[in-house]
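Visitor: I am new to this structure and would like a close look at a single part of it, namely the cysteines and whether they are joined or apart. Please set that part in its surroundings as you go.

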Amino acid sequence: MPDIMIIDDDAHISEMLSESLKNEGYTVSAAYSGTACKNSCSAEK
């Protein structure tokens, strides 16, 4: 299954969506801002 990154500034929504996707078998990470997303994606390369 593909990896999914959730980018949302509302931690509660991100956590709910993350848990739902993990239960479906996806690998999920979260970022709470565009900058955090950019940093996380750069670190994974």
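Guide: This is a predicted model, and the mean pLDDT of its chain is 90, with 96% of the residues reaching 70 or more. Confidence is not even along the chain, for among its elements helix α1 has the highest mean pLDDT, at 95, while helix α2, made of residues 34-44, has the lowest, at 84.

Before turning to the cysteines, it helps to have the whole chain in view. The chain holds 2 helices and 2 strands, and someone reading along the sequence meets them in the pattern β-α-β-α. Its C-alpha trace spans about 25 × 25 × 10 Å along the principal axes, and of its 45 residues, 16% count as buried. The accessible surface of the chain comes to about 3,400 Å², and carbon and sulfur atoms account for 52% of that area. If one takes the contacts in the chain with a separation of 6 or more, 49% of them join residues that lie 24 or more positions apart.

Now to the part you asked about. A search of the whole structure finds 0 disulfides. Cysteine 37 is in no disulfide, and the nearest cysteine sulfur to its own, which belongs to cysteine 41, is 4.0 Å away. Cysteine 41 is likewise in no disulfide, its nearest cysteine sulfur being that of cysteine 37, at 4.0 Å. Why does this pair not count? A disulfide needs two cysteine sulfur atoms within 2.5 Å, and the sulfur atoms of cysteine 37 and cysteine 41 are 4.0 Å apart, so the pair does not meet that cut-off.

The surroundings of these two cysteines can also be described by their exposure. Cysteine 37 is buried, with a relative accessible area of 14%, whereas cysteine 41 is partly exposed, with a relative accessible area of 36%.

For a residue elsewhere in the chain to set beside them, consider serine 18, which is found in helix α1, the helix of residues 11-23. Serine 18 counts as buried, at 8% relative accessibility. Once its neighbours within four places in sequence are left aside, serine 18 is in contact with Ile6 and Val28.

To return to your request, the cysteines 37 and 41 are not joined in this model, since the search finds 0 disulfides, and a disulfide would call for sulfur atoms within 2.5 Å.

Definitions and conventions: Residues numbered from 1 in each chain as written. Predicted model: local features only at pLDDT ≥ 70, side-chain atom pairs only at ≥ 80, totals over all residues. Heavy atoms only, no water. Buried < 20%, exposed > 50% of the residue type's maximum accessible area, 1.4 Å probe, protein only. Helix = DSSP H or I, 4+ residues; strand = E, 2+ residues; numbered from the N terminus. Contact = heavy atoms within 4.5 Å. pLDDT = per-residue confidence, 0-100. Areas by Shrake-Rupley, 256 points an atom, 1.4 Å probe, with all protein chains shown as cover.
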